[in-house]
Amino acid sequence: DGGEQWGEEYSKKNPMHQIPTLEIDGATLAQSMAILEYLEETRGGQGKPLLPKDPVARAQARNLANIIACDTHPVQNLRVILKVGGMTPGDAAAQGTAKKAWGNWVITHAFKAYEAELANTAGTYSVG
């Protein structure tokens with residue numbers, strides 16, 4: 001569907017009208033990196049940490065996460081797509097075409113960079 005983040009109910013959870021928003025442990029958290037860090041800090045000691053122990057490998061993992069969270073995801077937000085395309089939230093038909101073209105361009109560029117980084121970091125997972 002898309003656009004649910006503009007609703008009044010979601011606005012109470014995340015006034016920025018962005019995804020992701022995670023409701024967990026009685027808290028509502030927004031922003032990808034904040035959510036990942038929370039999960040690492042609260043669940044990472046349970047045998048499957050998100051980040052490796054080695055400081056260089058941790059930095060590499062954060063770099064990969066930021067390629068998505070900082071360089072790809074923000075320009076994929078519906079409000080950015082609408083603004084760049086000169087549309088409003090009600091322009092459903094135009095949104096579909098614009099979102100697809102924009103998304104294809106952004107994701108292709110980001111995944112090429114991500115895959116280039118993987119050449120230096122990948123093992124069983126993206127890092128290690």
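## Contacts of Gln-5

Contact here means that heavy atoms lie within 4.5 Å. In this predicted model, and leaving aside its neighbours within four places in sequence, Gln-5 is in contact with Tyr-10, His-17, Gln-18 and Leu-78. Gln-5 is found in the segment before helix 1, which covers residues 8-13, and with a relative accessibility of 11% Gln-5 counts as buried, because buried means under 20% relative accessible area.

Two of the partners of Gln-5 can be placed in turn, beginning with Leu-78, which is found in helix 4, residues 78-84. Leu-78 has a relative accessibility of 9% and therefore counts as buried. From Leu-78 to Ala-110 the distance in sequence is 32 residues, and the distance in space is 18 Å, taken from C-alpha to C-alpha. Another partner, His-17, lies in the loop between helix 1 and strand 1, and His-17 has a positive phi of about 60° although it is not a glycine.

## The chain as a whole

The secondary structure of the protein comes to five helices and two strands, and when these are read along the sequence they follow the pattern α-β-β-α-α-α-α. Along its principal axes, the C-alpha trace spans about 50 × 40 × 20 Å.

Of the 128 residues in the protein, 23% are buried. Among the contacts with a separation of 6 or more, 38% are accounted for by residues that stand 24 or more positions apart.

## From the first loop to strand 2

The loop between helix 1 and strand 1, where His-17 lies, is also the place of Pro-20. A cis peptide bond joins Ile-19 and Pro-20, with an omega of about 5°.

Pro-20 appears again among the neighbours of Ala-30, a residue placed in strand 2: not counting residues up to four places away in sequence, Ala-30 touches Asn-14, Pro-20, Thr-21 and Ile-35. The relative accessible area of Ala-30 is 29%, and Ala-30 is partly exposed. The C-alpha atoms of Ala-30 and Glu-41 are separated by 16 Å, with the two residues eleven residues apart along the chain.

Gln-31 has its place in the loop between strand 2 and helix 2. Like the case of His-17 described above, this is a backbone matter: Gln-31 has a positive phi of about 80° although it is not a glycine. At 46% relative accessibility, Gln-31 counts as partly exposed.

## Helix 2 and its buried face

Helix 2 has twelve residues, which at 1.5 Å a residue should span 16 Å, and the C-alpha atoms at its ends are in fact 16 Å apart, so the expected span and the model agree. The expected span is 1.5 Å times one less than the number of residues in the helix.

The buried residues of helix 2 are Met-33, Ile-35 and Glu-40. Seen down the axis of helix 2, these buried residues fall within an arc of 160°, and they therefore line one face of the helix. What covers the buried residues of helix 2 includes strand 1 (21-24), strand 2 (27-30) and helix 3. Ile-35, one of the buried residues of helix 2, is also among the residues that Ala-30 touches.

## The largest pocket

The largest pocket has a volume of about 490 Å³. It is lined by 18 residues, of which Pro-49, Leu-50, Leu-51, Pro-52 and Ala-61 are the closest to its centre. The elements that give two or more residues to this lining are helix 2 (32-43) and helix 3 (55-69).

By class, the lining of the largest pocket has twelve nonpolar, two polar and four charged residues. Helix 3 thus has two roles in this description, since helix 3 is among the elements that cover the buried residues of helix 2 and also gives two or more residues to the lining of the largest pocket.

## An exposed loop residue

Following helix 3 along the chain, the place of Asp-71 is in the loop between helix 3 and helix 4. Asp-71 has a relative accessibility of 54% and counts as exposed, because exposed means over 50%. Asp-71 and Val-106 are 35 residues apart in sequence, while their C-alpha atoms are 8.9 Å apart in space.

Note on methods. Residues are numbered from 1 along each chain as its sequence is written. This is a predicted model: local features need pLDDT of at least 70, side-chain atom pairs count only at pLDDT 80 or more; totals for chains, interfaces and linings use all residues. Side-chain values use heavy atoms; hydrogens and water are left out. On a 1 Å grid over the protein atoms alone, a cavity is a set of points where a 1.4 Å probe fits but cannot get out, and a pocket is an open set with protein on both sides within 12 Å along at least five of seven lines; lining residues have an atom within 4 Å of a point. Grid points are joined across faces, edges and corners, and a volume is the space filled by probe spheres set on the points. Helices (H or I, at least four residues) and strands (E, at least two) are DSSP runs, numbered from the N terminus. Ala, Val, Leu, Ile, Met, Phe, Trp, Tyr, Cys and Pro count as nonpolar, Asp, Glu, Lys and Arg as charged, and the others, Gly among them, as polar. Buried means under 20% relative accessible area, exposed over 50%, partly exposed in between (1.4 Å probe, protein chains only). The arc is that of the directions from the helix axis to the C-beta atoms.
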